[in-house]
Amino acid sequence: MTIRSFCTLAAAIFALIALLQLIRIVMGWSVTFGVDVPFWASWIAVVVAGALSFIGFRAAMRG
């Protein structure tokens, strides 16, 4: 696996995570891991995963 394909794969996975978190917020799905996970945590996950996806795709274009 080349660095370019790795960056593309990682970026796609992070984009999927960001999309799923955004869908969770819009659809109002609850998540419980012993306690209810608040929606503000999903907003943080959308921003972080989206940023990592952007960085990954940008790195794939350069490499």
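**Exercise 1. Surface and overall form**

How much accessible surface does the chain have, and what percentage of it belongs to carbon and sulfur atoms?

*Solution.* Welcome to the warm-up! This is a predicted model, in which local features need pLDDT of at least 70 and side-chain atom pairs count only at pLDDT 80 or more, while totals for chains, interfaces and linings use all residues. Residues are numbered from 1 along each chain as its sequence is written, and side-chain values use heavy atoms, with hydrogens and water left out.

Step 1: the accessible surface is about 4,700 Å², computed by the Shrake-Rupley method with a 1.4 Å probe, where for residues only the protein chains shown count as cover. Carbon and sulfur atoms hold 77% of this surface.

Step 2: turn to the secondary structure. The chain contains two helices and zero strands; these are DSSP runs, numbered from the N terminus, with helices being H or I of at least four residues and strands E of at least two. Its radius of gyration is 14 Å, well over the 11 Å that the globule rule gives for 63 residues, so the chain is more spread out than a compact globule. That radius is taken over C-alpha atoms, and the rule is 2.2 Å times the number of residues to the power 0.38.

Step 3: along the principal axes, the C-alpha atoms fill a box of roughly 40 × 20 × 15 Å.

**Exercise 2. Two helices and their cover**

Compare the span of each helix with its expected value, then find what covers the buried residues.

*Solution.* Step 1: the expected span is 1.5 Å times one less than the number of residues. For the 25 residues of H1 this gives 36 Å, and the end C-alpha atoms are indeed 36 Å apart. H2, with 24 residues, reaches 35 Å from its first C-alpha to its last, close to the expected 34 Å.

Step 2: of the 63 residues, 17% count as buried (under 20% relative accessible area; exposed is over 50%, partly exposed in between, with a 1.4 Å probe and protein chains only). In H1 the buried residues are Cys-7, Ala-11, Ala-18, Arg-24 and Ile-25, and their cover includes H2. In H2 they are Ser-42, Val-46, Ala-49, Ser-53, Gly-56 and Ala-60, with H1 among what covers them.

Step 3: zoom in on Ile-25, which is buried at a relative accessible area of 17%. Not counting residues up to four places away in sequence, Ile-25 touches Phe-39, Ser-42, Trp-43 and Val-46 (contact means heavy atoms within 4.5 Å). The C-alpha atoms of Ile-25 and Phe-39 are 6.5 Å apart, though 14 residues separate them along the chain.

**Exercise 3. The nonpolar patch and the chain ends**

Which helix gives the largest share of the nonpolar patch?

*Solution.* Step 1: patches are made of residues with over 30% relative accessible area and no salt bridge, joining like charges within 9 Å and nonpolar side chains (Val, Leu, Ile, Met, Phe, Trp, Tyr) within 5 Å. A salt bridge is a side-chain nitrogen of Lys or Arg within 4 Å of a carboxyl oxygen of Asp or Glu.

Step 2: the patch includes Met-1, Phe-14, Ile-17, Trp-40 and Phe-54, and its accessible area is about 1,200 Å² together. H1 (3-27) and H2 (39-62) each supply at least two residues, and H2 gives the largest share, six residues.

Step 3: Ile-17, in helix H1, is partly exposed at 38%.

Step 4: finish at Gly-63, in the segment after H2. Gly-63 is exposed, at 61%, and its C-alpha lies 9.3 Å from that of Thr-2, 61 residues away along the chain.
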